[in-house]
Amino acid sequence: MEALDSARAFVKDVKRVVIKVGTAVVTRADGRLALGRLGSLCEQIHELNMQGYEVILVTSGAVGVGRQRLRYRRLVNSSFADLQKPQVELDGKACAAVGQNGLMALYDTLFSQLDMTSAQLLVTDNDFRDTEFRKQLNETVVSLLSLKVVPIFNENDAVSTRRAPYEDSSGIFWDNDSLAALLALELKADLLVLLSDVDGLYSGPPSDPHSELIQTYIKERHEGGITFGDKSRVGRGGMTAKVKAAVHAADAGIPVVITSGFAAGNIIKVLNGQLVGTLFHRDAIKWVSQGQFGARDMAVAARESSRRLQAMPSEERSKILLDVADALEASEKLIIAENEADVSEAQLAGYDKSLISRLALKPGKVSSLANSIRVLANMEEPVGRVLKRTELSEGFILEKMSSPLGVLLIIFESRPDALVQIASLAIRSGNGLLLKGGKEARRSNAILHKIITSAIPKNIGERLIGLVTSRDEIPELLKLDDVIDLVIPRGSNKLVSQIKASTKIPVLGHADGICHVYVDKSANIDMAKQIVLDAKTDYPAACNAMETLLVHKDLVQTGGLNELIVELQIKGVTIFGGPRASSLLNIPEAGSLHHEYSSLSCTVEVVDDVNAAIDHIHEHGSGHTDCIITEDHEVADVFLRLVDSAAVFHNASTRFSDGFRFGLGAEVGISTSRIHARGPVGVEGLLTTRWLARGSGQVVNGDKDIVYTHKDLSLQS
């Protein structure tokens, strides 16, 4: 299980939980019972029961179920003439009496299938005025729970003397939401879960696309600032009633989570500490003062800090980077210790060797990262550079200027060194940053983030760079297209594809790193051996490592292919063949020609010529980095011109496809996109442009009084 979010850490001490399920969850839109949702509810309660939790259920739905059944009875017992008359609304108390019987019969059947027993307890508002009743209620519930029986509460609407919901000012509870809160207090529950037909409390009506899910309700911030939507389609309460009940219980010391009863497994997720639904807790305001913020708060804070960073003189921004580099080197022992703990845990958990290789910070890595940051610090100022100056008309000058993108969200797996590179690039380019690393690098990422943010001046604010610690926050972050400007995923094909499908925010990155090396018939074989070995074995887990070796057919006869394969095998590389190579060489056939091994394995295939190699790359490659080894410059030019990849090399290892090696200082990733940035993305890939115009009173006025010159000017004003 992923580490508990700090705001939900209290769940580890929860033993007794009250679950309230609303009418909208219990019934379908046509009024019939929602058997699937009720079945899921009972299965979750059974699982909690088996884990030792004491579960108390408060259920709505009796009136709705009874109304549906009585409408049917009235229909079958009415004459055609009766049906032509105006239909009188059914008596709610009669509906409750009929529906309660059917609802409890269903609960009893479902729990029986799970080898569990349930008990029905019907209560009214007046019952709680009697202290003896309260005492007996506690004793009965304790007795039932000791026998692993699930007490199921409902208000006895059939005999209730209440005039109308919320009209009886002397009432103790007004609906099943407030009943659930009352029971949580009376029965000394550790947690109250209110199941709704939406994911939780939103900043506005859930149907409004601008509404945001509130993960933690802070009374001092949210009270009076939330616009509620329509009340429940079938019950008495709706979200207004749930919030009132939740605030009341939380103020009394009972944590409450409002979450969806439609989503599978949400109760289990709540008790596992995952960020689902909206939490109400009396200590919530303290968490804010201690720096715990939701997704939107983090993104807004990063934007505000980035604007303060952009306003700094260039020398001061460079100094921040130099301070970061010094801080990393000073803390090297601490960083390595935390990283070694991550590596040991990953090994015990049975992670792939390729992931562990990416996770480990090898000797000298911290110093190397610090030096790359110093290179960035000493680069020419990238922000605010004038790229083009044009005289639009006399006395009217237009400038095109480089500008930060805004707020970046980087989601990466395994590699803690990526955090350092990305953070330093964000500072250099004046961007705010949100980082979500893999859980396997939790300790490494936390210490690196702490060291880097401690070097950021207080007038800028350490929230310039936010570290997202829970995977459950990612869906909320991906909705923030009004605050976050670019998402860069660094990881598996699955990760990148999932993110692209889950957000409106532009996504920059690559899904696969299927890099090819093509050895032409005119290649220098000694050179080819060196390049092929380096491309495959220098760092097999890297996205720029060779995954497929393409060889001209003539090298089969000359023995060149055999020499290359022997060299790879000596270095421990497992060889798989394409259809042609596996037949010629009697080696195992690759399962797919579009495969990223990220290990000491590769595919070999034989092709007729350079054009066949290009066709193979376009069909099976990923547009990342591809290389040709040849002494024929005309063939090399064909390959360089026609291979449609982010980086294409002649007589050089694919491993050079890297931001640091390109002289970019560092990189946030390698992009195979065709829009904005392509290949290794350094500082320039994190910038956009804006236009500044300096006039002297010009107006358009139908273009009558202006003479356009559109003259290019030197970049120096």
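**Notebook: a cavity and a helix pair**

I started with the lining of the largest cavity, and in this predicted model I listed Val-21, Val-25, Arg-37, Ser-40, Leu-41, Gln-44, Leu-195, Ser-260, Gly-261, Ala-263, Asn-266 and Ile-267. Next I checked which elements give two or more residues to that lining, and got helix H2 (35-50) and helix H10 (266-271). H2 has the largest share, with four residues.

I sorted the lining by class too: six nonpolar residues, five polar and one charged.

Then the volume: I have about 60 Å³ of space down for this largest cavity. How many cavities of 30 Å³ or more are there? I noted two.

Moved on to the helices near the far end of my list. I took helix H25 (residues 610-620) and helix H26 (residues 633-642), whose axes come within 10 Å and cross at roughly 20°. Angles under 35 degrees count as roughly parallel, and therefore I wrote H25 and H26 down as roughly parallel to each other. For the hand of the crossing I put right-handed.

Which residues meet across this pair? On the H25 side I found Val-610, Asn-611, Ile-614, Ile-617 and His-618. On the H26 side I found Val-635, Val-638, Phe-639 and Leu-642. I tallied the residues of this contact as seven nonpolar and two polar, with no charged ones.

One last jotting, on charge: the lining of the largest cavity has one charged residue, whereas the contact of H25 with H26 has none.

Technical notes: Residues numbered from 1 in each chain as written. Predicted model: local features only at pLDDT ≥ 70, side-chain atom pairs only at ≥ 80, totals over all residues. Heavy atoms only, no water. Axes fitted to C-alpha atoms, helices over the stretch in contact; angles between N-to-C directions. Parallel < 35°, antiparallel > 145°, perpendicular 65-115°, else oblique. Left-handed = near helix turned anticlockwise from the far one by under 90°. Contact = heavy atoms within 4.5 Å. Nonpolar A, V, L, I, M, F, W, Y, C, P; charged D, E, K, R; others polar. 1 Å grid on protein atoms, 1.4 Å probe; cavity = no way out; pocket = protein on both sides within 12 Å on 5 of 7 lines; lining within 4 Å. Points joined across faces, edges and corners; volume = space filled by probe spheres on them.
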